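Biologist: Could you take me through the salt bridges here, with a close look at where the partners sit and how buried or exposed they are?

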Amino acid sequence: MAALQATTAVTAMAAPRPAMAQRAGFKATPVSAIARPTFSRTLAQRSMKAGRVQSRVVVVQAASDKVVVIGLAADSGCGKSTFMRRVTGIFGGEPKPPAGGNPDSNTLSSEMTTVICLDDYHSLDRNGRKEAGVTALAPESQNFDLMYEQVKALKEGKTVAKPIYNHVTGLLDPPEDTTSPNILIIEGLHPFYDDRVNELVDFRIYLDISDEIKFAWKIQRDMAERGHSLESIKASIEARKPDFDAYIDPQKKKADMIIQVLPTQLVPDEKEGKILRVRLIMKDGMKLFDPVYLFDQGSTVSWIPCGRKLTCSFPGIKMFYGPDTYYGEEVSVLEMDGQFDKLEELIYMESHLSNTSAKFYGEITQQMLKNSAFPGSNNGTGLFQTIVGLKCREVYERITEKTVARV
C-alpha cells in the first residue's frame, strides 16, 4: 500500500460514520456524574506565613483576539511537565517563569502560551491538609471559586493576581500577576472537575497512566533516587488511590483526547514499565480537530513496520488503528506498542499517518528530534504527545481563524 503523506494544512472535517463495532474488552463503564464540592475557602480568608493575601482581578482593556483555553488533566508524577514542554514548543519561544518573580512560581510563559498549574488553587497548604485529614486530590483542598473566577478573567483578556503553591515548602506564597495570553493552558488534577471551569475549556486532554505503569515508575524513582522502601511506596499509592478513583480518574470521560499508557503486550509479564503500549483515543465528530488515522480512515488496521526502514530493538513495534467506543461515545484509536532506536527514522511511520495537522512533511519527526532528551522520546508517549500538540495548534487556528507560523 502506498505511503500516505502527512497533511500540510488544516483538513476538512470527516463525514460522520455509522455506529462502530466495539473491540472486546475496551468499552468503559460509565461513572456517575461528578458532584460539585460543597467546601470552598477563598484566598482572602486564608492565613499564611507569608501574610494575608487578598485575591483580586485587574481589569485591563480586553484583548481583541480570542483566548483559547486548553486543559490537561493527570495524576501527579504522570509527565504533565514534559507534555507541556512539547506542546508549548510547537507555538515557538522558550517557556520561562515570570521574569523577576517568585523563583518557585509554577507558571511558564512564552510568546503565545501561558501554562498555569492548578495546584496554585489549593485552598489548604500541606500542613492544613494534614490537620484536616485530606489529600491534595480531594475537592476540599481546592478553591474552585477562585479557579473559575481567574480562568474566566484570563479568557476575557484580563490580568489576575494568581496565587502560588510552593511545592518546596508546602506553603501558599503571595500571588503573582498573570497576564492574558493567546493560549492559556491549565494543567493539574482538576481542570474538568468543576462544571464552571470545564465550560471555559476549548480543548480537553487527559493523560491516563495505568496503575501498573504508575507503580513501576514510582518504584524506579523513589527506591533508586530517594531511598524509599517498597512498603512506604505501596502505602503512599494506596493512600491516594481512593481520592484518585473518586475525583481525578472520572474526568477522562470529559476529555476530547486521551493518551493511555499501558504495559506492553509484546513481552509477557514485563513489569518494569520500560516497554510501553500507548493509545491515543480521539473523540469523533469534533468541530475543532480531525482524528489522526493510519492508512485508511475508519478501517481497522494492524501493522508491523518494516524492519529495514525502522530500526527497532527487541521486541520491535506493532501499530494499531481502528474505531471503538469510550464511555458510550464513538472514538478513533491509534496505538503503538514497543519502541524505536533511531528518531530520524520516525519519518517512515509519520508518512503512513494522515490528519496529523502537521504543516509540512516531517514536522512530527522534526519536533521529536528537537525534544529527543525528553522522557518517552523513543516510544508512543512522546509520539502521541507531539501529535496532540499539533492538534492544539489546529484547535487554536480554527477558533481564531489565524495561522500559526511553523517553527
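Modeller: Happy to! Aspartate 75 is buried in this predicted model, its relative accessible area being 7%. Its salt-bridge partner is arginine 240, with 2.6 Å between the closest N and O atoms. The aspartate belongs to the loop between strand 2 (68-73) and helix 1 (80-90), while arginine 240 is part of helix 6 (residues 230-248), so this contact ties together parts that are 165 residues apart in sequence. Arginine 240 itself counts as partly exposed, at 25% relative accessibility.

Now for a pair with both partners buried: lysine 162 has a relative accessible area of 0%, and aspartate 120 likewise comes out at 0%. Their side chains meet in a salt bridge of 2.7 Å, N to O. Lysine 162 lies in strand 5 (residues 159-165) and aspartate 120 in the loop between strand 4 (113-117) and helix 2 (126-132), so the pair ties together parts that are 42 residues apart in sequence.

Back in helix 6, lysine 241 reaches distant aspartate 211 in helix 5 (residues 211-224), 30 residues apart. The closest N and O atoms of this salt bridge are 3.1 Å apart. Here both partners are partly exposed, lysine 241 at 26% relative accessibility and aspartate 211 at 43%.

Some salt bridges also share partners: Asp290, Lys391, Glu394 and Arg398 are joined into one network that way. For the wider picture, a search of the whole structure finds 24 salt bridges.

Methods
Residues numbered from 1 in each chain as written. Predicted model: local features only at pLDDT ≥ 70, side-chain atom pairs only at ≥ 80, totals over all residues. Heavy atoms only, no water. Salt bridge = Lys/Arg side-chain N within 4 Å of Asp/Glu carboxyl O. Helix = DSSP H or I, 4+ residues; strand = E, 2+ residues; numbered from the N terminus. Buried < 20%, exposed > 50% of the residue type's maximum accessible area, 1.4 Å probe, protein only.
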